[in-house]
Amino acid sequence: MRPFGTTIFSEMSALAARTGAVNLGQGFPDTDGPAEMLAAAAEALAGGANQYPPLPGIPVLRHAITAHEQRFWGLTRDPDSEVVVTAGATEAIAAAILALCEPGDEVVCFEPYYDSYAASITLAGAIRRPVTLRPGPSGRYEFDEAELRAAFGGRTRLVLLNTPHNPTGKVFTRAELDLIAELCREHDTYAVTDEVYEHLVFESEHVPLASLPGMRERTLRISSAGKTFSCTGWKVGWATGPAPLVSAVQRVKQFLTFVNAGPLQPAVAVALGLPDAYFTGFTAGLRERRDRLVSGLTDAGLAVLPSEGTYFVTADIRPLGGTDGIEFCRELPDRCGVVAVPTQVFYDHQDAGRHLIRFAFCKRLDVIDEAVSRLKKLT
(Lines give C-alpha, C1' and ligand atoms only; values in the text may rest on other atoms or scores of the structure.)
Protein backbone atom coordinates (compact mmCIF):
# COMPACT_ATOMS: atom_id res chain seq x y z
CA MET A 1 0.00 0.00 0.00
CA ARG A 2 3.00 2.34 -0.05
CA PRO A 3 1.92 4.00 -3.33
CA PHE A 4 -1.41 4.97 -1.74
CA GLY A 5 -0.94 8.15 0.25
CA THR A 6 -3.54 10.58 1.57
CA THR A 7 -6.52 10.69 -0.76
CA ILE A 8 -6.91 13.70 -3.02
CA PHE A 9 -10.27 14.39 -1.35
CA SER A 10 -8.64 14.88 2.04
CA GLU A 11 -5.94 17.09 0.56
CA MET A 12 -8.37 19.34 -1.29
CA SER A 13 -10.85 19.60 1.59
CA ALA A 14 -7.99 20.60 3.90
CA LEU A 15 -6.94 23.19 1.31
CA ALA A 16 -10.48 24.59 1.25
CA ALA A 17 -10.56 24.83 5.05
CA ARG A 18 -7.15 26.49 5.20
CA THR A 19 -7.90 29.10 2.52
CA GLY A 20 -11.60 29.69 3.10
CA ALA A 21 -12.32 28.63 -0.47
CA VAL A 22 -15.67 27.30 -1.66
CA ASN A 23 -15.24 23.52 -1.60
CA LEU A 24 -16.52 22.05 -4.87
CA GLY A 25 -13.97 19.26 -4.60
CA GLN A 26 -15.24 16.51 -2.31
CA GLY A 27 -18.65 15.13 -3.21
CA PHE A 28 -20.71 15.62 -0.08
CA PRO A 29 -23.95 17.63 0.20
CA ASP A 30 -24.26 20.63 2.50
CA THR A 31 -27.90 19.93 3.41
CA ASP A 32 -29.50 17.09 5.36
CA GLY A 33 -31.64 14.34 3.91
CA PRO A 34 -35.43 13.85 4.05
CA ALA A 35 -37.15 14.72 7.31
CA GLU A 36 -38.86 11.33 7.52
CA MET A 37 -35.50 9.59 7.50
CA LEU A 38 -33.99 11.88 10.13
CA ALA A 39 -37.01 11.44 12.40
CA ALA A 40 -36.76 7.66 12.08
CA ALA A 41 -33.08 7.81 13.04
CA ALA A 42 -33.83 9.90 16.12
CA GLU A 43 -36.60 7.50 17.11
CA ALA A 44 -34.28 4.50 16.73
CA LEU A 45 -31.53 6.18 18.77
CA ALA A 46 -33.95 6.99 21.57
CA GLY A 47 -35.66 3.61 21.30
CA GLY A 48 -32.65 1.45 22.12
CA ALA A 49 -31.50 0.32 18.67
CA ASN A 50 -27.89 0.95 19.66
CA GLN A 51 -26.34 -2.52 19.87
CA TYR A 52 -24.96 -4.85 17.21
CA PRO A 53 -27.44 -5.42 14.38
CA PRO A 54 -27.46 -8.80 12.61
CA LEU A 55 -24.43 -9.40 10.36
CA PRO A 56 -26.47 -9.23 7.09
CA GLY A 57 -28.33 -6.12 8.26
CA ILE A 58 -31.65 -5.73 10.09
CA PRO A 59 -34.57 -7.51 8.37
CA VAL A 60 -36.60 -4.33 7.80
CA LEU A 61 -33.73 -2.76 5.83
CA ARG A 62 -33.00 -5.89 3.81
CA HIS A 63 -36.68 -6.09 2.84
CA ALA A 64 -36.67 -2.37 1.97
CA ILE A 65 -33.61 -2.83 -0.26
CA THR A 66 -35.18 -5.70 -2.18
CA ALA A 67 -38.49 -3.86 -2.52
CA HIS A 68 -36.62 -0.81 -3.82
CA GLU A 69 -34.75 -2.84 -6.45
CA GLN A 70 -38.00 -4.44 -7.58
CA ARG A 71 -39.84 -1.12 -7.67
CA PHE A 72 -37.29 0.83 -9.69
CA TRP A 73 -35.27 -1.75 -11.62
CA GLY A 74 -37.45 -4.88 -11.81
CA LEU A 75 -34.88 -7.00 -9.95
CA THR A 76 -36.26 -9.71 -7.67
CA ARG A 77 -34.14 -10.63 -4.64
CA ASP A 78 -34.50 -12.84 -1.57
CA PRO A 79 -34.05 -10.47 1.39
CA ASP A 80 -32.81 -13.31 3.57
CA SER A 81 -30.00 -14.59 1.35
CA GLU A 82 -29.31 -12.10 -1.45
CA VAL A 83 -28.63 -8.87 0.50
CA VAL A 84 -25.88 -7.77 2.88
CA VAL A 85 -25.70 -4.33 4.48
CA THR A 86 -22.22 -2.78 4.56
CA ALA A 87 -20.34 0.25 5.88
CA GLY A 88 -21.08 2.27 2.77
CA ALA A 89 -20.47 1.22 -0.81
CA THR A 90 -16.72 1.52 -0.21
CA GLU A 91 -16.74 -1.48 2.13
CA ALA A 92 -19.04 -3.41 -0.21
CA ILE A 93 -16.62 -2.88 -3.10
CA ALA A 94 -13.58 -3.87 -1.02
CA ALA A 95 -15.30 -6.93 0.41
CA ALA A 96 -16.51 -8.02 -3.04
CA ILE A 97 -13.05 -7.76 -4.57
CA LEU A 98 -11.39 -9.49 -1.61
CA ALA A 99 -14.01 -12.22 -1.70
CA LEU A 100 -13.83 -12.95 -5.42
CA CYS A 101 -10.20 -12.31 -6.39
CA GLU A 102 -7.08 -14.37 -5.75
CA PRO A 103 -3.55 -13.00 -6.19
CA GLY A 104 -2.76 -12.65 -9.87
CA ASP A 105 -6.38 -12.43 -10.98
CA GLU A 106 -7.20 -9.53 -13.29
CA VAL A 107 -9.90 -6.91 -12.83
CA VAL A 108 -11.18 -4.95 -15.82
CA CYS A 109 -12.19 -1.42 -14.82
CA PHE A 110 -12.79 1.92 -16.51
CA GLU A 111 -10.48 4.85 -15.85
CA PRO A 112 -10.78 7.41 -14.42
CA TYR A 113 -12.02 5.46 -11.42
CA TYR A 114 -12.91 6.20 -7.81
CA ASP A 115 -9.66 5.88 -5.89
CA SER A 116 -10.76 3.05 -3.58
CA TYR A 117 -11.02 0.72 -6.58
CA ALA A 118 -7.27 0.64 -7.14
CA ALA A 119 -6.59 0.19 -3.43
CA SER A 120 -9.07 -2.69 -3.09
CA ILE A 121 -7.66 -4.48 -6.14
CA THR A 122 -4.15 -4.08 -4.72
CA LEU A 123 -5.20 -5.39 -1.31
CA ALA A 124 -6.52 -8.54 -3.01
CA GLY A 125 -3.23 -9.03 -4.84
CA ALA A 126 -5.09 -8.69 -8.13
CA ILE A 127 -4.07 -6.74 -11.23
CA ARG A 128 -5.91 -3.78 -12.78
CA ARG A 129 -6.72 -3.83 -16.48
CA PRO A 130 -7.98 -0.27 -17.03
CA VAL A 131 -9.93 0.79 -20.11
CA THR A 132 -9.74 4.55 -20.67
CA LEU A 133 -12.81 6.75 -21.03
CA ARG A 134 -12.07 9.65 -23.38
CA PRO A 135 -14.22 12.54 -24.58
CA GLY A 136 -15.61 11.71 -28.02
CA PRO A 137 -16.61 14.08 -30.83
CA SER A 138 -19.70 15.21 -28.89
CA GLY A 139 -17.68 15.69 -25.70
CA ARG A 140 -19.37 12.68 -24.10
CA TYR A 141 -17.01 10.17 -22.49
CA GLU A 142 -16.62 6.98 -24.55
CA PHE A 143 -14.44 3.88 -24.59
CA ASP A 144 -12.88 2.00 -27.48
CA GLU A 145 -14.51 -1.40 -28.08
CA ALA A 146 -11.24 -2.97 -29.23
CA GLU A 147 -9.50 -1.73 -26.09
CA LEU A 148 -12.22 -3.24 -23.90
CA ARG A 149 -12.09 -6.58 -25.71
CA ALA A 150 -8.30 -6.66 -25.37
CA ALA A 151 -8.55 -6.09 -21.60
CA PHE A 152 -10.33 -9.43 -21.13
CA GLY A 153 -8.24 -12.58 -21.06
CA GLY A 154 -7.60 -15.91 -19.40
CA ARG A 155 -6.89 -14.37 -15.98
CA THR A 156 -9.89 -12.00 -15.95
CA ARG A 157 -11.84 -12.59 -12.76
CA LEU A 158 -14.30 -9.70 -12.78
CA VAL A 159 -15.22 -6.40 -14.36
CA LEU A 160 -15.70 -3.46 -11.99
CA LEU A 161 -18.24 -1.02 -13.41
CA ASN A 162 -19.43 2.31 -12.02
CA THR A 163 -22.52 3.79 -13.66
CA PRO A 164 -23.53 6.57 -13.33
CA HIS A 165 -19.82 7.21 -13.33
CA ASN A 166 -17.65 9.17 -10.91
CA PRO A 167 -15.77 11.39 -11.77
CA THR A 168 -16.93 11.89 -15.38
CA GLY A 169 -20.72 12.05 -14.93
CA LYS A 170 -21.09 9.47 -17.72
CA VAL A 171 -24.10 7.14 -17.76
CA PHE A 172 -23.27 3.96 -19.65
CA THR A 173 -25.71 3.33 -22.50
CA ARG A 174 -27.67 0.15 -23.07
CA ALA A 175 -25.43 -0.65 -26.07
CA GLU A 176 -22.28 -0.20 -23.97
CA LEU A 177 -23.72 -2.39 -21.22
CA ASP A 178 -24.72 -5.06 -23.75
CA LEU A 179 -21.08 -5.24 -24.89
CA ILE A 180 -19.80 -5.52 -21.31
CA ALA A 181 -22.36 -8.24 -20.59
CA GLU A 182 -21.37 -10.11 -23.75
CA LEU A 183 -17.72 -10.14 -22.66
CA CYS A 184 -18.61 -11.25 -19.13
CA ARG A 185 -20.57 -14.19 -20.50
CA GLU A 186 -17.91 -15.04 -23.09
CA HIS A 187 -15.09 -15.07 -20.53
CA ASP A 188 -17.22 -16.44 -17.66
CA THR A 189 -16.35 -13.52 -15.38
CA TYR A 190 -18.14 -11.84 -12.52
CA ALA A 191 -19.30 -8.23 -12.52
CA VAL A 192 -19.25 -5.87 -9.55
CA THR A 193 -21.34 -2.79 -10.25
CA ASP A 194 -21.13 0.41 -8.22
CA GLU A 195 -24.52 2.10 -8.68
CA VAL A 196 -24.56 4.61 -5.82
CA TYR A 197 -25.74 7.35 -8.21
CA GLU A 198 -28.59 5.21 -9.57
CA HIS A 199 -31.20 7.95 -9.00
CA LEU A 200 -29.02 10.88 -10.07
CA VAL A 201 -29.50 10.68 -13.85
CA PHE A 202 -30.41 13.84 -15.75
CA GLU A 203 -30.74 13.18 -19.49
CA SER A 204 -30.06 9.49 -19.90
CA GLU A 205 -31.41 6.26 -18.38
CA HIS A 206 -29.85 4.09 -15.72
CA VAL A 207 -29.83 0.39 -16.60
CA PRO A 208 -28.46 -2.05 -13.99
CA LEU A 209 -26.07 -4.53 -15.59
CA ALA A 210 -27.70 -7.28 -13.52
CA SER A 211 -30.94 -6.77 -15.46
CA LEU A 212 -29.38 -7.86 -18.77
CA PRO A 213 -29.64 -11.45 -20.04
CA GLY A 214 -27.31 -13.88 -18.30
CA MET A 215 -26.00 -11.27 -15.85
CA ARG A 216 -28.14 -11.70 -12.74
CA GLU A 217 -26.32 -14.86 -11.68
CA ARG A 218 -22.85 -13.35 -12.09
CA THR A 219 -23.34 -9.76 -10.82
CA LEU A 220 -22.94 -8.17 -7.42
CA ARG A 221 -24.86 -4.89 -7.43
CA ILE A 222 -23.72 -2.26 -4.92
CA SER A 223 -25.48 0.90 -3.80
CA SER A 224 -25.86 3.06 -0.71
CA ALA A 225 -27.99 5.64 1.06
CA GLY A 226 -25.34 8.36 1.16
CA LYS A 227 -25.83 9.99 -2.23
CA THR A 228 -29.56 9.49 -2.79
CA PHE A 229 -30.54 10.67 0.70
CA SER A 230 -27.77 13.20 1.44
CA CYS A 231 -26.36 11.27 4.39
CA THR A 232 -22.82 10.45 3.28
CA GLY A 233 -21.59 10.38 6.89
CA TRP A 234 -23.91 7.53 7.82
CA LYS A 235 -22.01 5.02 5.68
CA VAL A 236 -24.90 2.66 5.04
CA GLY A 237 -24.48 0.65 1.85
CA TRP A 238 -25.37 -2.77 0.56
CA ALA A 239 -24.55 -5.49 -1.93
CA THR A 240 -27.20 -7.59 -3.64
CA GLY A 241 -26.86 -10.55 -5.95
CA PRO A 242 -27.00 -14.35 -6.08
CA ALA A 243 -26.75 -15.97 -2.66
CA PRO A 244 -23.28 -17.56 -3.15
CA LEU A 245 -21.73 -14.20 -4.10
CA VAL A 246 -23.47 -12.30 -1.30
CA SER A 247 -22.36 -14.98 1.16
CA ALA A 248 -18.77 -14.51 0.03
CA VAL A 249 -19.01 -10.74 0.57
CA GLN A 250 -20.52 -11.28 4.00
CA ARG A 251 -17.71 -13.63 5.06
CA VAL A 252 -15.19 -10.87 4.28
CA LYS A 253 -17.29 -8.05 5.72
CA GLN A 254 -17.50 -9.74 9.13
CA PHE A 255 -13.74 -9.29 9.53
CA LEU A 256 -13.68 -5.71 8.23
CA THR A 257 -16.35 -3.93 10.25
CA PHE A 258 -18.48 -6.90 11.41
CA VAL A 259 -21.61 -4.71 11.52
CA ASN A 260 -22.35 -1.01 11.24
CA ALA A 261 -24.85 1.79 11.78
CA GLY A 262 -27.35 -0.11 13.92
CA PRO A 263 -29.66 2.83 14.73
CA LEU A 264 -29.39 4.25 11.23
CA GLN A 265 -30.48 1.13 9.38
CA PRO A 266 -34.21 1.53 10.25
CA ALA A 267 -34.04 5.12 9.01
CA VAL A 268 -32.58 4.10 5.66
CA ALA A 269 -35.39 1.56 5.34
CA VAL A 270 -37.87 4.44 5.70
CA ALA A 271 -36.01 6.51 3.09
CA LEU A 272 -35.99 3.70 0.52
CA GLY A 273 -39.78 3.55 0.73
CA LEU A 274 -40.38 7.26 0.14
CA PRO A 275 -42.80 8.14 -2.68
CA ASP A 276 -41.64 8.74 -6.24
CA ALA A 277 -41.99 12.50 -5.74
CA TYR A 278 -38.98 12.50 -3.44
CA PHE A 279 -36.71 10.85 -6.01
CA THR A 280 -37.87 12.96 -8.96
CA GLY A 281 -37.68 16.15 -6.91
CA PHE A 282 -34.20 15.37 -5.64
CA THR A 283 -32.96 14.68 -9.16
CA ALA A 284 -34.57 17.86 -10.49
CA GLY A 285 -32.88 19.91 -7.79
CA LEU A 286 -29.47 18.50 -8.66
CA ARG A 287 -30.09 19.10 -12.36
CA GLU A 288 -30.73 22.77 -11.61
CA ARG A 289 -27.49 22.95 -9.61
CA ARG A 290 -25.57 21.26 -12.39
CA ASP A 291 -26.90 23.65 -15.00
CA ARG A 292 -26.05 26.70 -12.91
CA LEU A 293 -22.50 25.51 -12.25
CA VAL A 294 -21.93 24.49 -15.88
CA SER A 295 -23.00 27.94 -17.00
CA GLY A 296 -20.59 29.57 -14.57
CA LEU A 297 -17.67 27.30 -15.53
CA THR A 298 -18.28 28.04 -19.20
CA ASP A 299 -18.39 31.79 -18.56
CA ALA A 300 -15.09 31.43 -16.65
CA GLY A 301 -13.44 30.10 -19.80
CA LEU A 302 -13.28 26.38 -19.04
CA ALA A 303 -14.33 23.78 -21.63
CA VAL A 304 -17.07 21.87 -19.81
CA LEU A 305 -17.79 18.24 -20.69
CA PRO A 306 -21.34 16.78 -20.57
CA SER A 307 -22.50 15.47 -17.20
CA GLU A 308 -25.35 12.96 -17.60
CA GLY A 309 -25.55 12.01 -13.92
CA THR A 310 -23.90 11.90 -10.46
CA TYR A 311 -22.82 14.91 -8.39
CA PHE A 312 -20.02 15.90 -10.76
CA VAL A 313 -18.99 17.74 -13.88
CA THR A 314 -15.52 17.73 -15.45
CA ALA A 315 -13.83 20.55 -17.31
CA ASP A 316 -10.80 20.99 -19.56
CA ILE A 317 -8.31 23.55 -18.23
CA ARG A 318 -6.40 24.04 -21.48
CA PRO A 319 -8.50 27.02 -22.70
CA LEU A 320 -7.19 28.87 -19.63
CA GLY A 321 -3.60 27.85 -20.35
CA GLY A 322 -3.54 24.99 -17.85
CA THR A 323 -1.60 21.82 -18.60
CA ASP A 324 -1.49 19.99 -15.27
CA GLY A 325 -4.63 19.46 -13.22
CA ILE A 326 -2.89 18.95 -9.88
CA GLU A 327 -0.96 22.18 -10.23
CA PHE A 328 -4.09 24.01 -11.45
CA CYS A 329 -6.22 22.80 -8.52
CA ARG A 330 -3.58 23.64 -5.93
CA GLU A 331 -3.41 27.19 -7.28
CA LEU A 332 -7.15 27.65 -7.79
CA PRO A 333 -8.01 28.71 -4.20
CA ASP A 334 -5.50 31.57 -4.37
CA ARG A 335 -6.58 32.54 -7.88
CA CYS A 336 -10.32 32.67 -7.27
CA GLY A 337 -11.25 31.08 -3.91
CA VAL A 338 -12.67 27.79 -5.24
CA VAL A 339 -11.51 24.20 -4.74
CA ALA A 340 -11.82 21.46 -7.38
CA VAL A 341 -10.25 17.99 -7.75
CA PRO A 342 -7.72 17.01 -10.45
CA THR A 343 -9.02 13.89 -12.19
CA GLN A 344 -5.61 12.69 -13.36
CA VAL A 345 -5.14 11.01 -9.97
CA PHE A 346 -7.94 8.59 -10.95
CA TYR A 347 -6.06 7.25 -13.98
CA ASP A 348 -3.35 4.63 -14.45
CA HIS A 349 -2.55 6.47 -17.70
CA GLN A 350 -2.42 9.94 -16.18
CA ASP A 351 -1.71 11.77 -19.41
CA ALA A 352 -5.25 10.93 -20.54
CA GLY A 353 -6.67 13.09 -17.75
CA ARG A 354 -3.90 15.54 -16.97
CA HIS A 355 -5.88 18.46 -18.41
CA LEU A 356 -9.18 17.63 -16.68
CA ILE A 357 -10.55 18.68 -13.30
CA ARG A 358 -13.76 17.79 -11.45
CA PHE A 359 -16.29 20.03 -9.71
CA ALA A 360 -19.08 18.85 -7.37
CA PHE A 361 -22.48 20.54 -7.65
CA CYS A 362 -24.21 18.80 -4.70
CA LYS A 363 -24.23 22.12 -2.80
CA ARG A 364 -26.82 24.75 -1.95
CA LEU A 365 -27.66 27.12 -4.78
CA ASP A 366 -26.24 30.08 -2.86
CA VAL A 367 -22.93 28.22 -2.49
CA ILE A 368 -22.84 27.46 -6.20
CA ASP A 369 -23.69 31.07 -7.00
CA GLU A 370 -20.84 32.27 -4.77
CA ALA A 371 -18.45 29.85 -6.49
CA VAL A 372 -19.58 31.05 -9.91
CA SER A 373 -19.03 34.66 -8.85
CA ARG A 374 -15.49 33.83 -7.71
CA LEU A 375 -14.69 31.80 -10.83
CA LYS A 376 -15.16 34.95 -12.92
CA LYS A 377 -11.73 36.01 -11.70
CA LEU A 378 -10.23 33.36 -13.97
CA THR A 379 -11.10 35.45 -17.01
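Guide: Welcome! One term before we start: two strands pair if DSSP finds at least two bridges between them. Also, this model is predicted.

Visitor: Okay, so how many bridges join β14 to β15?

Guide: There are two bridges between β14 and β15, which covers residues 356-360, and the strands run antiparallel.

Visitor: And which residue is the bridge partner of valine 341 in β15?

Guide: That would be arginine 358.

Visitor: What order do the strands take in the open sheet with β14?

Guide: The order is β11-β12-β15-β14, so to speak a row of four strands, with antiparallel pairing. At the edges sit β11 (303-304) and β14 (341-342), each pairing on one side only.

Visitor: New topic: what's the order in the sheet of seven strands?

Guide: Reading across, you get β2-β10-β9-β8-β7-β3-β4. This sheet is open too, and its pairing is mixed. Its edge strands are β2 (83-86) and β4 (127-132).

Visitor: By how many degrees are neighbouring strands turned against each other there?

Guide: On average by 20 degrees, with direction ignored.

Visitor: Do tell me about β7 and β8: parallel or antiparallel?

Guide: Parallel! Five bridges join β7 (residues 156-162) to β8 (residues 190-194). For one of the residues, leucine 158, the bridge partner in β8 is tyrosine 190.

Visitor: Which strands does helix α7 lie across?

Guide: Helix α7, residues 174-187, lies across β3, β7 and β8, and runs at about 165 degrees to β7.

Visitor: And what about helix α5, which strands does that one lie across?

Guide: Helix α5 (residues 115-123) lies across β3 (106-111), β4, β7 and β8. Its direction is at about 150 degrees to β4.

Technical notes: Residues numbered from 1 in each chain as written. Predicted model: local features only at pLDDT ≥ 70, side-chain atom pairs only at ≥ 80, totals over all residues. Heavy atoms only, no water. Axes fitted to C-alpha atoms, helices over the stretch in contact; angles between N-to-C directions. Contact = heavy atoms within 4.5 Å.
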